[in-house]
Every structure is written in structure tokens, then in C-alpha cells.
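Let's take a walk through this one together, helix by helix and then out to where the chains meet. Keep the viewer open as you read.

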Amino acid sequence: MSDVANRVKKIVVEHLGVEESKVVDNASFIDDLGADSLDTVELVMAFEEEFGIEIPDDAAETIQTFGDAVGFISNA
Amino acid sequence: MFDLTGKCALVTGASGGIGGEIARVLHAAGATVGLSGTRTEPLEALAAELGERAHVLPCNLSDFAAVDALPKQAIEAMGSLDILVNNAGITRDNLFMRMSDDEWQSVIDVNLTSTFKLCKGVLRGMMKARWGRIINISSVVGATGNPGQGNYAAAKAGVVGMSKSLAYEVASRGITVNAVAPGFITTAMTDKLTDDQKAAIMTQIPAGRMGDPAEIAAAVLYLAAPEAAYVTGTTLHVNGGMAML
């Protein structure tokens, strides 16, 4: 697993309080990991800080799964 | 009783009667205060009166770029932003049939849109801190209406609906959002009323007098305090019984 994926996973596990084994590529933050809509906003904020990037609102809306997040950040 | 030591509060309209008193009371409770307003001179005078833990942050709330920049400036000056008091407001009274689009829009811009923008601008820090207090100053007029104040009443009622919606969204993050709705308070804004207008108003106030800015500031202090953590989405009416809501 890439460095980006590991760092994203750590944030997701800490923020949502889920088991690491559940954070798989196609795991949806809301449907599978128990996030509410405000959690997803906070996750994006945390990603921005961790990686020193800016994720615009329209891009943030496309980040639905763990894999989406890793993909977006890797290409940012 | 209420201790705000270590908390940082931004107060808009701190150059006015109510805002200045709110800043004084929060400061006296131990908070660091950011004094915002359009007129720098009274802000500087208030900061000098308060001494330490007071920062002057001039901002014209009809300038949206300046409004967007204000939360960041406040955090840079104070270190954090835990309490936001949206107190600034303007009036452009006119009969509905004569009200121009500009009179309507300028009051909505300053009293409602800038409040929205400042609330939005402070949320990130409050969400991370899992603590925050937003207190929006509405008006009795927002609940009762008032002839000649269609624009002002719309903005002030809008502030209440907006505060409730935001209160829903962020309650689980330790952030409360409330409104304080003053009745007629002795300030420069009510000094503009004629004696006849004042006499007419007085007949509607069971308390038989206008309120004092300190009586609004006390309500704000309560809502800002740790003790008010379970109070959110409410409107605290401070109006001498003029409207019992």
C-alpha cells in the first residue's frame, strides 16, 4: 500500500473510529464506514492539512470512498 | 460566575453601543476580544480602555472580500477564534412602497449575508476544537415586524432561521449557535427616534423603559459561557416584555 494510502487510512480510522480492515478501496465513507455528511467535510479538511493541498468543494463531492480519496490526493 | 479565560471572541459592530458593551463584558469575563467595526476611532478608544487582550480589527461588512478575510485576521491576531458575536447592523428605513432595491439590498447584505459569511468562516476552527459559540444579534422586529423596516425585519428574521439551521448541523461538534433579540435599547440607533415615536414605543413595553446595552451583553455572556453548552438554536428575547415569545 502506498504512503498516501497509509496516511489517508490513518486519518479515516482515527476520525471515524472504524477498524482498519474495513477501510478498503471501495468502502464508502457514508454507507460502509458510518460517516455522516459533516464527517465527510471534516475528513476533507483533515486530508487538506495532512497533504498540504486544497480540495475544492466540487472535487470534495466526488470523494465518496477510501479509494476515491487516495486517487484524488495521489493526483493532486 | 461565567469564566471565559483563554477564549477568544470576535465582536462585530464593536464601535456601537451594544457591541461595545458586549466586548467589555466578554473581556471582563477573561476573554481575549477582537473588536471589529467600520469606524476605527471608537474601536481604538475601546481597545485602549480594555488594555490587554483587546485587538482592533476594522472591517466594512458591506465589502464581502473584507468580510471573508476577517476570521483569518482575527485568528492571526488572537491565536484562535472560539466565540463569534455577529452584532453589527444597519438600518435604511422606508415605507415598503417607497423602498428602493438599494435600501433593501444594503440591509440584507450587512445584516444577513455578512453574518452568514462570518459564521461560515469561523466553523473550521471551531469544528477542529470541538468547541465554539456563535451568537447572532437579531431583533424583536424580526419576530414582530415593524412598519418602515421591511428590509431590517427580513434580515433579522433571516438571522434566526439561519442560526437554527446551522445549530442543527454543528451541535454534535460542541458548537452552539443562538440568537439574542433585543427590544428597544438605548443606543445611537434608537436616539434617532423622535420623542413622539419614543413615547409610542414606551406604551408597548411592560417594563416601562428602554433597555440598556449591558442587558444585551449579559445575555450574550451567558450564551458564550461553558455553562450554556446545552442551549442551542434558541432565540433569547431581551425586550422588557414588549413581545413575549
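Start in chain A, at a pair of helices that touch along a run of side chains. On the H1(A) side you'll find Val4(A), Arg7(A), Val8(A), Ile11(A), Val12(A), His15(A) and Leu16(A), and they meet Asp39(A), Glu42(A), Leu43(A), Ala46(A), Phe47(A), Glu50(A) and Phe51(A) of H2(A). Sort the residues of this contact by class and you get nine nonpolar, four charged and one polar. Bear in mind that what you're looking at is a predicted model.

How do these two helices sit against each other? Two packed helices are described by the angle between their axes and the distance between the axes. Here H1(A) covers residues 3-16 and H2(A) covers residues 37-51, and they pack at about 140° with axes 10 Å apart. At that angle, H1(A) counts as oblique to H2(A). The crossing of the pair is right-handed.

Zoom out a little and the UniProt record gives you a label for this part: an unreviewed entry places "domain: Carrier" at residues 2-76 of chain A. That span is 57% helix and 0% strand, and its end C-alpha atoms are 15 Å apart.

Now hop over to chain B, where UniProt, again in an unreviewed entry, lists "domain: Ketoreductase" for residues 7-188. Strand does turn up in this span: it is 18% strand alongside 52% helix, with 29 Å between the end C-alpha atoms.

Two helix pairs in chain B are worth a stop. Take H1(B), residues 17-28, and H2(B), residues 40-50: their axes lie 11 Å apart and the packing angle is about 20°. That angle makes the two helices roughly parallel. Gly20(B), Ala23(B), Arg24(B) and His27(B) of H1(B) make the contact with Leu46(B), Glu49(B) and Leu50(B) of H2(B). By class, that contact holds three nonpolar, two polar and two charged residues. Its crossing is right-handed.

The other pair is H3(B), residues 64-78, with H4(B), residues 101-129; their axes come within 8 Å and cross at roughly 35°. This crossing is right-handed too. From H3(B) come Phe64(B), Val67(B), Asp68(B), Leu70(B) and Pro71(B), while H4(B) brings Asp109(B), Thr113(B), Ser114(B), Lys117(B), Leu118(B), Gly121(B) and Val122(B). Count the classes in that contact and it's six nonpolar, three polar and three charged.

Last stop: where do the chains touch? Eight residues of chain A are in contact with seven residues of chain B. The size of an interface is often given as the accessible area lost when the parts come together. For chain A and chain B that buried area is about 700 Å², with carbon and sulfur atoms giving 45% of it. On the chain A side, Leu38(A), Glu42(A) and Met45(A) lose the most area to chain B, together 65% of what that side buries. You've met one of them before: Glu42(A) is also among the H2(A) residues that meet H1(A).

Terms used: Residues are numbered from 1 along each chain as its sequence is written. Chains are lettered from A and ligands numbered from 1 in the order in which they are written. This is a predicted model: local features need pLDDT of at least 70, side-chain atom pairs count only at pLDDT 80 or more; totals for chains, interfaces and linings use all residues. Side-chain values use heavy atoms; hydrogens and water are left out. UniProt positions are given in the numbering used here, feature names are shortened, and annotations may be inferred rather than shown by experiment. Helices (H or I, at least four residues) and strands (E, at least two) are DSSP runs, numbered from the N terminus. Axes are lines fitted to C-alpha atoms, for helices over the stretch in contact, and angles run from 0 to 180 degrees between N-to-C directions. Angles under 35 degrees count as roughly parallel, over 145 as roughly antiparallel, 65 to 115 as roughly perpendicular and the rest as oblique. A crossing is left-handed if the near helix is turned anticlockwise from the far one by less than a right angle, and right-handed if clockwise. Contact means heavy atoms within 4.5 Å. Ala, Val, Leu, Ile, Met, Phe, Trp, Tyr, Cys and Pro count as nonpolar, Asp, Glu, Lys and Arg as charged, and the others, Gly among them, as polar. Buried area is the accessible area (1.4 Å probe) that two parts lose on being put together, summed over both.
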